[in-house]
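Let's take a walk through this protein together, one region at a time. Have the sequence and the 3D view side by side as you read.

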Amino acid sequence: MKEKSIHQLNKRKIFLLFLIAFFIIALIIYFFVKNDYKNSKVGNNMSNKTLEEIEEYILNIGSYEAEIEVTVESNKNKNQYILSQKFTKPNISKQTVIEPKNIAGIETIYDGNTLTIHNTRLNASTIYENYEDIFDNFLWLNEFIEDYQVGKGNGQATIEEENGIIILKTKAKKDDNRYVYQKELYVDRSTGKPTKLIIQDINKNNLVYILYNEITINGLQKEEVLAFKLQKIYDEIY
């Protein structure tokens, strides 16, 4: 009798374990399907947007995090860099050099007022108070957006589509700069994400080519960009 009771108890345990496992697997499948549907829905929404709606989406980017590959060309040579960028409105930014190795680890942090250049390998920093020229840096996506908005106001910005790629073109807001003269941003229609940014001189020669290897839009907070112990740097310097 005892053996029968033990056998029934074991069967119940096995059934209970099977039931728990079934619910766990079902839950996992549910979340995968839900996320796939959500991503598909977002992609479809972007694909169905008009050029004007995509333009508005780009111009209203509030923050981004990206890994970019930068090629700078001149008559004499070509230099390549891999950089990590973080930006959030209105003017909070952090840029880190990944390659080349001889300057890897150099960070440029701007908190809206103070520019800090920090060498993580040497643990050395330089601080510039009341610094406002950081956004004259043409490597930043938000700098392109600002130029484009100015270009829309004076009729120098255009948007077009070629084979599923949205191309936004504008002139740099400083017309007297013959080197950084015209900019072209390429956006994948299916994702709404920038894929490359080309900067040309006054003769339409490519000066800078930026490839967005990875980019996440509107996913950052100010605190995440400035997740950096600036007080420690102040202590080191002063």
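Before we look at any residue, one term is needed: a residue is called buried when its relative accessible area is under 20%, exposed when that area is over 50%, and partly exposed in between. Please also keep in mind that this is a predicted model.

With that cut-off in hand, start with the overall picture. The protein chain has 238 residues, and 35% of them are buried. Its secondary structure amounts to 5 helices and 11 strands. Among contacts in the chain with a separation of 6 or more, 45% are between residues 24 or more positions apart.

A good place to zoom in is helix α3, which covers residues 141–154. Its 14 residues span 20 Å from the first C-alpha to the last, close to the 20 Å expected at 1.5 Å a residue. The buried residues of α3 are L141, N142, E143, F144, I145, D147, Y148 and G151. Just after the helix comes G155, which has a positive phi, near 75 degrees.

Which way do side chains point along such a helix? An α-helix has 3.6 residues a turn, so residues three or four places apart point the same way. F144 and Y148 fit this nicely: because they are 4 residues apart in α3, about one helical turn separates them. Both F144 and Y148 are buried.

Y148 also leads us to another helix. E55, in helix α2 (residues 51–59), has a side chain that makes a polar contact of 2.6 Å with the side chain of Y148. Is E55 buried or exposed? Its relative accessible area is 9%, so E55 counts as buried, the cut-off being 20%. Leaving out residues up to four places away in sequence, E55 touches Y148, K152, I159 and L168.

Now turn to the aromatic rings. How many aromatic pairs does a search of the whole structure find? There are 3. One of them is Y64 with F87, whose ring centres are 6.0 Å apart and whose planes meet at 40 degrees, so this pair is tilted. Y64 belongs to strand β1 (residues 63–73) and F87 to strand β2 (residues 78–88), so the pair ties together parts that lie 23 residues apart in sequence. Y64 is buried because its relative accessibility is 0%, and F87 is buried too, at 3%. The rings of F144 and Y148, which we met in α3, pair as well: their centres are 5.9 Å apart and their planes are at 35 degrees, so this pair is also tilted. Y64 and F87 join W140 in one aromatic cluster. Elsewhere, a ring meets a charge: the charged end of K196 sits over the ring of Y186, 4.5 Å from the ring centre.

Y64 reappears when we look at the nonpolar interior. In soluble globular proteins, nonpolar side chains tend to be buried together. Here the largest nonpolar core has 33 residues, and those touching the most other members are Y64, L141, L185, I210 and Y212. At least two core residues come from each of α2, β1, β2, α3, β8 (165–171), β9 (182–188), β10 (193–200) and β11 (206–217). Strand β11 gives the most, with 6 residues. Y212 shows how such a residue is surrounded: apart from neighbours within four places in sequence, it contacts A66, E67, I68, L141, L185, P194, T195, K196 and L197.

Finally, look at the backbone in the loops. Most residues other than glycine have a negative phi, and most peptide bonds are trans. Several places here depart from that pattern. The bond between K89 and P90 is cis, with omega about 5 degrees, and P90 lies in the loop between β2 and β3 (92–99). Another cis bond runs from E99 to P100, with omega near 5 degrees; P100 is in the loop between β3 and β4 (106–110).

Two residues that are not glycine have a positive phi. N123, at about 55 degrees, is in the loop between β5 (115–119) and β6 (124–128). K204, at about 65 degrees, is in the loop between β10 and β11. N123 counts as partly exposed because its relative accessibility is 43%, whereas K204, at 59%, counts as exposed.

How values were computed:
Residues are numbered from 1 along each chain as its sequence is written. This is a predicted model: local features need pLDDT of at least 70, side-chain atom pairs count only at pLDDT 80 or more; totals for chains, interfaces and linings use all residues. Side-chain values use heavy atoms; hydrogens and water are left out. The expected span of a helix is 1.5 Å times one less than its number of residues. Buried means under 20% relative accessible area, exposed over 50%, partly exposed in between (1.4 Å probe, protein chains only). A polar contact is a pair of N or O atoms within 3.5 Å; within protein, one must be able to donate a hydrogen and the other to accept it, and residues adjacent in sequence count only if both atoms are side-chain atoms. Contact means heavy atoms within 4.5 Å. Rings of Phe, Tyr and Trp (its six-membered ring) pair if their centres lie within 6.5 Å; planes under 30 degrees apart count as stacked, over 60 as edge-to-face and the rest as tilted. A charge sits over a ring if NZ of Lys or CZ of Arg is within 6 Å of the ring centre and within 35 degrees of the ring normal. A nonpolar core is a set of buried Ala, Val, Leu, Ile, Met, Phe, Trp, Tyr and Cys residues joined through side-chain atoms within 4.5 Å.
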